[in-house]
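Student: I have a model open here and would like to go through it with you. Where do we start?

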Amino acid sequence: MSEHLVRLIPRLHTYRTNEASARAAVLALQKCVKAEEISFFQSGQVEFFDCGSALNHISCPRCGAAVPLDWWQQKMDEHYKSDHFFVLEEDMPCCSKTVSLNDLRYEAPCGFASLCFTVRDPEEAVGQEAVECLSERFGILFRTVEAVY
Ligand SMILES: [Zn+2]
């Protein structure tokens, strides 16, 4: 059986909060989203949340060029090994601009985070209301990363 996960993550990939605030945010989310389960995950390290399906296309947010997938995979490995994605900036092969791997244009949104709220099998699309609920609560912008496994 497949599982539909909608993850809400802060745009700042190193952002973390305390346990009580995260629990309170889950309760607040439960008021605006009907789902099988809503939970949170927090780690001392940064994790990569993918879109669930194969990534066939990534482009540069500065010049729009396609990012070679083998280059991206190599940089992912290097950043994981060096500091577990704490620093994500890279000089792009296309235009030499410095870009965070978190800001690349992924075919479907992907993202890096230390804090993640997961909505499992929502009854309807998780909309802007849920994103704003978290953004206002924590005073930092959130976004969604959706995956079906
Ligand atoms: Zn570029």
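Tutor: With a term: donors are N, O and S atoms within 2.8 Å of the metal, or 3.2 Å for Na, K and Ca. Keep in mind that this is a predicted model.

Student: Fine. What spacing do the donors of the zinc ion follow along the chain?

Tutor: The spacing is C-x2-C-x30-C-C.

Student: Which residues are those, and at what distances?

Tutor: Cys60, Cys63, Cys94 and Cys95 coordinate the zinc ion, each through SG, at 2.3 to 2.4 Å. The site is tetrahedral, with angles of 102 to 118 degrees among the 4 donor atoms.

Student: Where do Cys63 and Cys95 sit in the chain?

Tutor: Cys63 is in the loop between β3 (58-59) and α2 (69-83), while Cys95 is in the loop between β4 (89-91) and β5 (98-100). They are 32 residues apart, and the pair links distant parts of the chain.

Student: Why does Cys63 count as partly exposed?

Tutor: Because its relative accessibility is 42%, and partly exposed covers the range between 20% and 50%. Cys95, at 23%, also counts as partly exposed.

Student: Change of topic: the sheet. What is the strand order?

Tutor: The order is β2-β7-β1-β8, an open sheet of 4 strands with antiparallel pairing. β2 (35-49) and β8 (142-148) each have a single partner strand, so each has one side without a neighbour in the sheet. On average, neighbouring strands are turned by 25 degrees against each other, direction ignored.

Student: How many bridges between β2 and β7?

Tutor: There are 10 bridges, in the antiparallel sense, with β7 spanning residues 111-122. One of the bridge pairs is Phe49 with Gly111 in β7.

Student: Which strands does α1 lie across?

Tutor: Helix α1 (residues 19-32) lies across β1 (4-10), β2 and β7. Its angle to β2 is about 145 degrees.

Student: And Ser43 in β2, buried or exposed?

Tutor: Ser43 is buried, because its relative accessible area is 12%. Leaving aside neighbours within four places in sequence, Ser43 is in contact with Arg16 and Ser114. Asn102 is 59 residues from Ser43 in sequence, and their C-alpha atoms are 17 Å apart.

Student: What about Thr17, where is that?

Tutor: Thr17 is in the loop between β1 and α1, and is buried with a relative accessible area of 17%. Not counting residues up to four places away in sequence, Thr17 touches Ala22, Gln42, Leu115 and Phe138.

Student: On to packing. Which residues in the largest nonpolar core touch the most other members?

Tutor: Leu8, Leu29, Phe117, Val119, Leu134, Phe138 and Phe142, out of 21 residues in that core. β1, α1, β7 and α3 (128-138) are the elements that give two or more residues to this core.

Student: What does Leu8 touch?

Tutor: Beyond four places in sequence, the contacts of Leu8 include Leu29, Phe117, Val119, Ala130, Leu134 and Phe142. Apart from this core lies another, of 18 residues, among them Trp72, Met92, Val99 and Cys110.

Student: Back to α3. Which of its residues are buried?

Tutor: Ala130, Val131, Cys133, Leu134, Ser135 and Phe138. They pack against β1, α1, β7 and β8.

Student: Why would residues three or four places apart point the same way?

Tutor: Because an α-helix has 3.6 residues a turn.

Student: And what follows α3?

Tutor: Gly139, with a positive phi near 65 degrees.

Terms used
Residues are numbered from 1 along each chain as its sequence is written. This is a predicted model: local features need pLDDT of at least 70, side-chain atom pairs count only at pLDDT 80 or more; totals for chains, interfaces and linings use all residues. Side-chain values use heavy atoms; hydrogens and water are left out. Two strands pair if DSSP finds at least two bridges between them. Axes are lines fitted to C-alpha atoms, for helices over the stretch in contact, and angles run from 0 to 180 degrees between N-to-C directions. Contact means heavy atoms within 4.5 Å. Four donors count as tetrahedral if all angles lie between 85 and 135 degrees; four count as square planar and six as octahedral if opposite donors are over 155 degrees apart and all others between 65 and 115; anything else is irregular. Buried means under 20% relative accessible area, exposed over 50%, partly exposed in between (1.4 Å probe, protein chains only). A nonpolar core is a set of buried Ala, Val, Leu, Ile, Met, Phe, Trp, Tyr and Cys residues joined through side-chain atoms within 4.5 Å.
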